[in-house]
Amino acid sequence: RFTDAPTTFAGDMAVNPGGSFNWDLSGASLLITGNVDLNNANPIELTMMSVPTVTVSNGGTLDINGKVAVDGAILLPPTGNLLLENNQDVLHILGNDANSAMQLIGATIAGNGTLKVTGSNLVAGSGTIAVDIDFGNATSLEAAAGTLTISGPINNAGTLGTFDATGTLNTPGAFTTANVQQVELKGGQWTGGTITHSSLLAGHGTVATEVFINDGTIKPDHG
């Protein structure tokens, strides 16, 4: 357990397979500007504890190899990198008291792993999520202040949509809402390729996909 840890990490750190790791800042936020490589071969999750916000910035990289849990929120500016390289890699965001699990500001989440969010949490912003998405039914994934591109498969999600009129949700290629509880547009637009919709589409905004196949319910409101 790493207690009384520095709130800014600018070096390189690796946790080797078989190791255990708890990062406990006792309520302080963490800024990562170096390379943190977490290699967890254990079936249980490594945990970053008592960290309200983890910010990966200034060319820093958070590289997840295995299963890692964060009990706070993650902020990803354009200069931050989040990698989930392998199929078995999982980043589990537990969120915080503000119910905001992750904010993307033009950043990319890349690799072959899974982004997992549980609880009544919000993931919002702009950028690209190119990994598997496994969200709880009470979570929301919303585009805000730019374009949020979802290019990875959605295994499960609660609400997918736009946060406000500034957001564009982009789902390129063939996309289905079969594993999404609902799509809610709060303004803005939904762009993409061929969309097969089989759940609930609610709210107001513009659907500007190349093909839209509706096998579900459309409920316009608030605009």
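Search this whole structure for salt bridges and you come away with one. The model is a predicted one, and its protein chain runs to zero helices and 23 strands. Below is a quick tour, starting with that charged pair and moving on to the rings, the strand pairing and a few residues worth a look.

**The salt bridge**
- The partners are E142 and K186, with 3.2 Å between their closest N and O atoms.
- E142 sits in strand β18 (residues 140-150) and K186 in strand β21, so the bridge ties together parts that are 44 residues apart in sequence.
- Buried or exposed, where does E142 fall? E142 is buried, because its relative accessible area is 3% and the cut-off for buried is under 20%.
- K186 comes out as partly exposed, since its relative accessible area is 30%, which lies between the 20% and 50% limits.
- As a general point, side chains of opposite charge can pair when their charged atoms come close.

**The aromatic pair**
- The count of aromatic pairs also comes to one.
- The rings belong to W190 and F212, and they meet edge-to-face, 6.0 Å centre to centre with 85 degrees between the planes.
- The edge-to-face label follows because the angle is 85 degrees and anything over 60 counts that way.
- This pair links distant parts of the chain: W190 is in strand β21 (residues 180-197) and F212 in strand β22 (residues 200-214), 22 residues apart.
- W190 has a relative accessibility of 0%, so it counts as buried.
- F212, at 28% relative accessibility, counts as partly exposed.
- Strand β21 turns up twice in this briefing, as it holds K186 of the salt bridge and W190 of the ring pair.

**Strand pairing around β8**
- Strand β5 (residues 30-32) and β8 pair in the parallel sense, over three bridges.
- Within that pairing, L31 has T55 of β8 as its bridge partner.
- β8 also pairs with strand β11 (residues 73-76), again in the parallel sense and over three bridges.
- Which residue of β11 stands opposite V54? That would be I74.

**From β8 into β9**
- N58 is found in the loop between β8 (53-56) and β9.
- Its phi is near 55 degrees, a positive value in a residue other than glycine.
- N58 is exposed, because its relative accessible area is 56% and exposed means over 50%.
- Further along, N65 lies in strand β9 (residues 61-65).
- N65 counts as buried, given its 13% relative accessibility.
- The side chain of N65 makes a polar contact of 3.3 Å with the side chain of D63.

**Positive phi inside a strand**
- A145 is not a glycine, yet it has a positive phi of about 55 degrees.
- Where is A145 found? A145 is in strand β18, the strand that also carries E142.
- A145 is exposed, with a relative accessible area of 63%, whereas E142 is buried.

**The chain as a whole**
- Of the 223 residues in the protein chain, 48% count as buried.
- The accessible surface of the chain comes to about 9100 Å², and 49% of it belongs to carbon and sulfur atoms.
- Taking contacts between residues at least 6 apart in sequence, 28% join residues at least 24 apart.

Key: Residues numbered from 1 in each chain as written. Predicted model: local features only at pLDDT ≥ 70, side-chain atom pairs only at ≥ 80, totals over all residues. Heavy atoms only, no water. Helix = DSSP H or I, 4+ residues; strand = E, 2+ residues; numbered from the N terminus. Buried < 20%, exposed > 50% of the residue type's maximum accessible area, 1.4 Å probe, protein only. Polar contact = N/O pair within 3.5 Å; in protein donor to acceptor, adjacent residues only side chain to side chain. Phe/Tyr/Trp six-rings, centres within 6.5 Å; stacked < 30°, edge-to-face > 60°. Salt bridge = Lys/Arg side-chain N within 4 Å of Asp/Glu carboxyl O. Contact = heavy atoms within 4.5 Å. Areas by Shrake-Rupley, 256 points an atom, 1.4 Å probe, with all protein chains shown as cover. Pairing = 2+ DSSP bridges.
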